[in-house]
Amino acid sequence: MKKLMFIVAAALLAVGCNNTKSYVVEGNIEGLSGNVAVMTMDGTEVLAQQEVTDGIFSFTVESANPLFAVLVIDDQQVAPLFIDGTPIVVEGNAEDLASVMAKGTPSNDAYAVFNKKQMEVMMPLFSEDSEATTEQLMEAFGIMQQELDNNYVENQNNLWGMYIFLSGKSQEMEAQEILDVIASYPA
């Protein structure tokens, strides 16, 4: 009987320690057929995948913590996903993979707004008939850097803000400043 109680207690403890959450990623990408996957941002782990024929897909990603991920279509990284809430909705058109965007959580929504602004600033400079000067390009990059700085300040409570911080802003800081910023983020 003691042995049985020990096994039950161990099982309950193991279940109680499992803080894995389920995050839903739903998609509707017009004209899409092929293999769709959610992978870790570094591409080392497939979190979920399926074959899609009509553009509609739905994944459940299990993770103990929010994470940075990427939507992959036929081995091509298409859109970042900030897995920090549910449901995440991915929409776009298979003919224009740059149009594929995730929405539905504060991080994904903030990135979508930033990406839209980035396209408005940068795309005219890279169009076929553009004769953009180095000065115009530098000005556009300056505008986008300021927008990133603004997004960092506005999103210090979500993964998009953390992503900006880790991919650039932190490199301008001293070690203690970095630790202070990390401590300011929610657990």
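How many helices and how many strands does the protein chain have? In this predicted model, the protein chain has five helices and eight strands. Here is a friendly tour, starting with the whole chain and then moving to two hairpins, a cis peptide bond and a buried glycine.

**The chain as a whole**

- Reading from the N terminus, the order of elements is α-β-β-β-β-β-β-β-β-α-α-α-α.
- The radius of gyration of the protein chain is 21 Å, whereas a compact globule of 187 residues would have one near 16 Å.
- If you draw a box along the principal axes, the C-alpha atoms of the protein chain fill roughly 80 × 50 × 25 Å.
- Of the 187 residues in the protein chain, 34% are buried.
- Among contacts in the protein chain with a separation of 6 or more, 51% are between residues 24 or more positions apart.

**Surface and charge**

- The protein chain has an accessible surface of about 11,500 Å², and carbon and sulfur atoms account for 55% of that surface.
- The protein chain carries 7 positive and 27 negative charges.
- The mean position of the positive charges and that of the negative charges lie 19 Å apart.

**The β5-β6 hairpin**

- Strand β5 covers residues 67-73 and strand β6 covers residues 76-83; the two pair in the antiparallel sense over seven bridges.
- One pair to find on your screen is F68 with its bridge partner F82, which is in β6.
- Two residues sit between β5 and β6 in this hairpin.
- D74 is in the loop between β5 and β6, and its phi is near 45°, a positive value in a residue other than glycine.
- D75 is also placed in the loop between β5 and β6, and it too has a positive phi, of about 65°, without being a glycine.
- Are these two turn residues buried or exposed? D74 is partly exposed, because its relative accessible area is 45%, a value between the 20% and 50% cut-offs.
- D75 counts as exposed because its relative accessibility is 79%, and exposed means over 50%.

**The β7-β8 hairpin and the loop before it**

- P87 is part of the loop between β6 and β7.
- The peptide bond joining T86 and P87 is cis, with omega about -5°.
- Strand β7 (residues 88-93) pairs with strand β8 (residues 96-103) in the antiparallel sense, over four bridges.
- The hairpin that joins β7 to β8 does so through two residues.
- Across this hairpin, N93 stands opposite D96 of β8.

**G34, a buried glycine**

- G34 belongs to strand β2, which takes in residues 34-40.
- Why does G34 count as buried? G34 counts as buried because its relative accessibility is 9%, and the cut-off for buried is under 20%.
- Leaving out residues up to four places away in sequence, G34 touches Q50, E51, V52 and D74.
- For V52, the C-alpha to C-alpha distance to G34 is 5.2 Å, although 18 residues separate the two in sequence.
- D74 links this topic to the β5-β6 hairpin: D74 touches G34 and is in the loop between β5 and β6.

How values were computed: Residues are numbered from 1 along each chain as its sequence is written. This is a predicted model: local features need pLDDT of at least 70, side-chain atom pairs count only at pLDDT 80 or more; totals for chains, interfaces and linings use all residues. Side-chain values use heavy atoms; hydrogens and water are left out. Buried means under 20% relative accessible area, exposed over 50%, partly exposed in between (1.4 Å probe, protein chains only). Contact means heavy atoms within 4.5 Å. The radius of gyration is taken over C-alpha atoms; the globule rule is 2.2 Å times the number of residues to the power 0.38. Accessible areas come from the Shrake-Rupley method with a 1.4 Å probe; for residues, only the protein chains shown count as cover. Lys and Arg count as positive and Asp and Glu as negative; His and the chain ends are not counted. The place of a charge is taken as NZ of Lys, CZ of Arg, CG of Asp or CD of Glu. Two strands pair if DSSP finds at least two bridges between them.
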